[in-house]
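Could you walk me through this structure as I click around in my viewer? I would like to know what to select next and what I will find there.

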Amino acid sequence: DDAPGLRPAQIAAAHALSGHFFAKREPAIVVMPTGSGKTCVMMVAAFLLRAERVLVITPSRMVRDQLADQFGSLHVLKRVGALPPDV
């Protein structure tokens with residue numbers, strides 16, 4: 001639907017990551033189906049975990065360029081209301 005906000009799968013993944021890193025410092029893997037909003041979860045996780053740096057590894061240059069644009073502008077998080085427009 002067109003309602004603002006994160007999708008249920010994105011919220012669940014963000015909570016799972018948050019809970020994992022609250023208790024442990026070990027790496028974690030999030031598995032989500034195609035089209036479920038993995039990029040948004042990666043961006044939200046960076047803020048939830050207060051990351052100073054984020055390394056995203058992609059399988060292709062095209063995906064890398066798309067992710068760089070999305071991380072650079074944060075327009076997805078602003079559009080869904082997860083971040084204020086002036087961030």
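Start by selecting Ser36, which sits in the loop between α1 and α2. You are looking at a predicted model, so every value on this tour is computed from it.

Is Ser36 buried or exposed? Ser36 counts as buried because its relative accessible area is 10%, below the 20% cut-off for that label. Now show its side chain: it reaches the backbone oxygen of Pro33 at 2.6 Å. If you set aside residues within four places in sequence, Ser36 is in contact with Arg7 and Gln10.

**Next stop: Gln10**

Follow that contact to Gln10, a residue of helix α1. Gln10 has a relative accessible area of 5%, so it is buried. Which residues does Gln10 touch, not counting those up to four places away in sequence? Color these as you go: Met32, Ser36, Gly37, Cys40 and Val41. You have already met Ser36 from the other side of this contact.

**Along α2**

Cys40 and Val41 lead us into α2, where both are among the buried residues. Select the full set of buried residues in this helix: Cys40, Val41, Met43, Val44, Ala45 and Ala46. What do they pack against? Show α1, α3 and α4 as well, for the buried residues of α2 pack against these three helices.

**The nonpolar cores**

Now make a new selection of eight residues: Ala14, Cys40, Met43, Val44, Leu74, Val76, Leu77 and Leu83. Together they form the largest nonpolar core. Two helices, α2 and α4, each supply at least two residues of this core. The biggest share comes from α2, which gives three.

There is also a second core, separate from this one, with five residues. Among them are Ala13, Met32, Val41 and Ala45. Give this group another color. Met32 and Val41 may look familiar, since Gln10 touches both.

**The largest pocket**

Switch on a surface view for this stop. Rolling a probe the size of a water molecule over the atoms shows where empty space is left. How much space lies in the largest pocket? The value is about 570 Å³. To find the centre of this pocket, select Lys38, Val41, Met42, Leu55 and Val56, the closest to it of the 23 lining residues.

Helices α1 (8-23), α2 (38-48) and α3 (61-73) each bring at least two residues to the lining. The top contributor is α2, with six. Try coloring the lining by residue class: you should find 19 nonpolar, two polar and two charged residues.

**Two residues with a positive phi**

Most residues other than glycine have a negative phi, and most peptide bonds are trans. With that in mind, select Arg50, which comes after α2, in the loop between α2 and α3. Its phi is near 50°, a positive value in a residue other than glycine. Arg50 is exposed because its relative accessibility is 74%, and the cut-off for that label is over 50%.

Then jump to Leu74, in the loop between α3 and α4. Its phi is also positive, near 55°. Is Leu74 buried or exposed? With a relative accessible area of 12%, Leu74 is buried, and you saw it earlier in the largest nonpolar core. Beyond its neighbours within four places in sequence, Leu74 is in contact with Met43, Phe47, Leu83 and Val87.

**Last stops: Val87 and His75**

Pick Val87 from that list and you arrive in the segment after α4. Val87 is partly exposed, with a relative accessible area of 45%. Apart from neighbours within four places in sequence, Val87 is in contact with Leu74 and Lys78.

Finally, use the distance tool from Val87 to His75: their C-alpha atoms are 9.8 Å apart in space, and the two residues are 12 apart in sequence. His75 belongs to helix α4 (residues 75-79). Its relative accessibility is 35%, so His75 counts as partly exposed. Look for the polar contact of 2.5 Å that joins the side chains of His75 and Ser73. Outside the range of four places in sequence, His75 is in contact with Asp69 and Gln70. For one last distance, draw a line to Met32: its C-alpha lies 21 Å from that of His75, with their positions 43 residues apart in sequence.

Note on methods
Residues are numbered from 1 along each chain as its sequence is written. This is a predicted model: local features need pLDDT of at least 70, side-chain atom pairs count only at pLDDT 80 or more; totals for chains, interfaces and linings use all residues. Side-chain values use heavy atoms; hydrogens and water are left out. On a 1 Å grid over the protein atoms alone, a cavity is a set of points where a 1.4 Å probe fits but cannot get out, and a pocket is an open set with protein on both sides within 12 Å along at least five of seven lines; lining residues have an atom within 4 Å of a point. Grid points are joined across faces, edges and corners, and a volume is the space filled by probe spheres set on the points. Helices (H or I, at least four residues) and strands (E, at least two) are DSSP runs, numbered from the N terminus. Ala, Val, Leu, Ile, Met, Phe, Trp, Tyr, Cys and Pro count as nonpolar, Asp, Glu, Lys and Arg as charged, and the others, Gly among them, as polar. Buried means under 20% relative accessible area, exposed over 50%, partly exposed in between (1.4 Å probe, protein chains only). Contact means heavy atoms within 4.5 Å. A polar contact is a pair of N or O atoms within 3.5 Å; within protein, one must be able to donate a hydrogen and the other to accept it, and residues adjacent in sequence count only if both atoms are side-chain atoms. A nonpolar core is a set of buried Ala, Val, Leu, Ile, Met, Phe, Trp, Tyr and Cys residues joined through side-chain atoms within 4.5 Å.
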